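Work through the exercises below with the structure open beside you. Try each task before reading its solution.

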Amino acid sequence: MKLEARSLGWATGARRIVQDVSFEVTPGETFGLIGPNGSGKSTLLRLLAGLLARPSGAVMLDGHPLTSLSRRDIAQNIAVVEQIAETSEALSVRDVVELGRTPWLSALRPFGPQDRIIVDEALEAVGMAHMTQHRWATLSGGERQRVQIARALAQRPRLLMLDEPTNHLDIHHQLSLLRLVGNLPVTVIIALHDLNQAMGCDRLAVMDEGRMVACGPPSEVLDAARLASIFRVKATRLRDPADDATIFRFQCPGE
Amino acid sequence: MTYVAATGVSRRAHGLWIAQGAALLILVILAGVIVGETPLPLSTVAATFANHLWNAGLSVDPIDAGIIWSYRLPRTLVAAACGAGLALSGVVLQALVRNALADPYLLGVSAGAGAGAVAVTILGVGGGLLGISGGAFIGAALAFAVVAMLARAAGGGSAQLVLAGIAGSQLFNALTSFLIAKSANAEQARGLMFWLLGNLSGVRWPDVVLAAPVTAIGFLICLWFARAMDAFSFGVSSAASLGIAVRQVQVMLIGAVTLMTATMVSLVGSIGFVGLVIPHAMRFVVGPRHARLVPASALAGAVFLILADIASRMLIPGQVVPIGVVTALVGAPGFAMILVRNRRRI
């Protein structure tokens, strides 16, 4: 699914959170968003999913403006996993994942066997199939994150948007989640904090103070000068002798 | 605290549950007709029903028949419609505002309906065109608008909404008292105060004709949007990303709540705690999914209010205790239980 942002912006009161962002995501690619805290990554993701009122500019989905599509059409194409998901309802894991089928169902098209299979597959994919009856309130942060990702997978989207999905996850689940996301046959837009993990994206965009200041292949985008000016760290590139992969070592400037 | 959620009851078990609930409702309606100051035998009730429904021509004491058909049956049916409507209103408001404390009473909708109804009764607002129900509807809609705007201005959180609801309730209740104190004579004032506490004494067939369709329409709207209400579990933005046309669903559901609450208040006064306690009790029984919660709450609300009405007639011989007093006597401890069970989640 092709997604295009055209001079996209959003302001609350006098504060501009995102300004004049334009880029294209090509079908099948994994597109990473990085940037310091408060740089506008989450807001940009919500704008791309059409979840914020009164944006400036436009988002085009396969050439159609997002505003011309119904919420249901959008949800059949785009699934979003936000950073914070809280409920006081006593929902089970399966209940939450079943919510992902919402855009495909109606009063006249109830939940059926096909939906059950899709939900089972989604639970399997995130390794939560053994906990389907557990209550949301009893899950750990990482388990909740994985359940929300299963919910998004159950939406069967063509474009998946993830806002810092590796937060709360232990290192094993971080890596297996990134591998899962990378292997999905869908377009992915993912906001990440860990710059080493961001190296695994096809392309990276850097957000700083609401603007997109760079966009391109990770090795070009993450150069020492940019890391120093935007992320305020001194970065040293290291080479893993096992597979020749590049990794960063970060230090505070002046160390 | 169990770690395993109430297991997914199968579709067939769900159907069975609803059938049992419906059977219980019919039994309770019968009880509502039989029990009273003059207990009437089931045979008399059956004969009266047969006469009215199929022109059976059985011989029944006309006074007994009158009590059954013109007095107790409409009263019981309105109690059922009213209980179902209030419970459904609670389900909807709790789902939409994601607060366990939401119900039409707490959010000021009932108070607004009461003020509207009193304005029409005493001041003749609307010049006779509006009617008590119309006045109640406008009052309820106005109160909800005031509360919603105040909550928004206060930052839009769930706690802010409850606080705004309290402010709204106080304002509209004060308005009602002011209208009564200023314009009503002693007789009117007594009657209105009694009516405001909830009173089914004056209910007749025309009231059934108003209450039953309103509750039926409200029920169908709730059932139609059951999946949408599920999607609100993680908030408005999450509902939108699941494909819910949020504004449209909110307008339909809040419209249904306003209509049901206003109708019930205009008929029987404002009755608290049903909208709050019944949906919570049903969550424990059938779980949080609205496809089950909606029919379960409607049934339980209906059964509960009929029983409360029977109690209000029987508690003090020769006197009717306002039904709002009965629901509060049962509801307040129920409410306390919700507070304790939810602890930090509210």
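The exercises that follow go from chain B as a whole to single residues.

**Ground rules.** This is a predicted model, in which local features need pLDDT of at least 70, side-chain atom pairs count only at pLDDT 80 or more, and totals for chains, interfaces and linings use all residues. Residues are numbered from 1 along each chain as its sequence is written, and chains are lettered from A and ligands numbered from 1 in the order in which they are written.

**Exercise 1. State the confidence of the model, and find where it is low in chain B.**

Step 1. Take the global scores: ipTM is 0.89 and pTM is 0.88.

Step 2. Go to pLDDT, the predictor's confidence in each residue, from 0 to 100. Chain B averages 86, and 94% of its residues score at least 70.

Step 3. Look at residues 1-9 of chain B. Their pLDDT stays under 50. The model has 13 contacts beyond four places in sequence for them. Two residues are in contact if their C-beta atoms, placed from the backbone, lie within 7 Å.

**Exercise 2. Describe the build of chain B.**

Step 1. Count the elements. Helices (H or I, at least four residues) and strands (E, at least two) are DSSP runs, numbered from the N terminus. Chain B has 14 helices and zero strands.

Step 2. Judge compactness. The radius of gyration of chain B is 20 Å, close to the 20 Å from the globule rule for 346 residues, so chain B is as compact as a globular protein of that length. The radius is taken over C-alpha atoms; the rule is 2.2 Å times the number of residues to the power 0.38.

Step 3. Add the box. Along the principal axes, the C-alpha atoms of chain B fill roughly 65 × 55 × 35 Å.

Step 4. Check burial. A residue is buried if 20 or more other C-beta atoms lie within 10 Å of its own, exposed if 12 or fewer, and partly exposed in between; C-beta atoms are placed from the backbone. Buried residues make up 50% of the 346 in chain B.

Step 5. Check contact range. Of the contacts in chain B with a separation of 6 or more, 75% join residues 24 or more positions apart.

**Exercise 3. Examine helices α4 and α6 of chain B.**

Step 1. Check the span of α6(B), residues 158-183. Its 26 residues reach 37 Å from first C-alpha to last, close to the expected 38 Å. The expected span is 1.5 Å times one less than the number of residues.

Step 2. List what is buried in α6(B): B:L161, B:V162, B:A164, B:G165, B:G168, B:S169, B:F172 and B:T176. The cover includes α3, α4, α5 and α7 of chain B.

Step 3. Turn to α4(B). Its 15 residues reach 21 Å, close to the 21 Å expected. Of these 15, 13 are buried, so α4(B) is largely enclosed by the rest of the structure.

Step 4. Look just past α4(B): B:G124 takes a positive phi of about 70°.

**Exercise 4. Map the side of chain B that touches chain A.**

Step 1. Count the residues: 24 of chain B are in contact with 27 of chain A.

Step 2. Find the helices. α9 (226-231) and α10 (236-241) of chain B each supply at least two residues of this side. The largest share, four residues, comes from α10(B).

Step 3. Sort by class. This side has 12 nonpolar, six polar and six charged residues. Ala, Val, Leu, Ile, Met, Phe, Trp, Tyr, Cys and Pro count as nonpolar, Asp, Glu, Lys and Arg as charged, and the others, Gly among them, as polar.

Step 4. Zoom in on B:R227 in helix α9(B). B:R227 counts as buried, with 22 C-beta neighbours inside 10 Å. B:R227 touches A:T102 and A:L105, not counting residues up to four places away in sequence.

**Exercise 5. Place two aspartates of chain A that have a positive phi.**

Step 1. Take A:D62, with a phi of about 45°. A:D62 sits in the loop between β4 and β5 of chain A. A:D62 counts as partly exposed, with 13 C-beta neighbours inside 10 Å.

Step 2. Take A:D244, with a phi of about 65°. A:D244 sits in the loop between β11 and β12 of chain A. A:D244 is exposed, with 7 other C-beta atoms within 10 Å.
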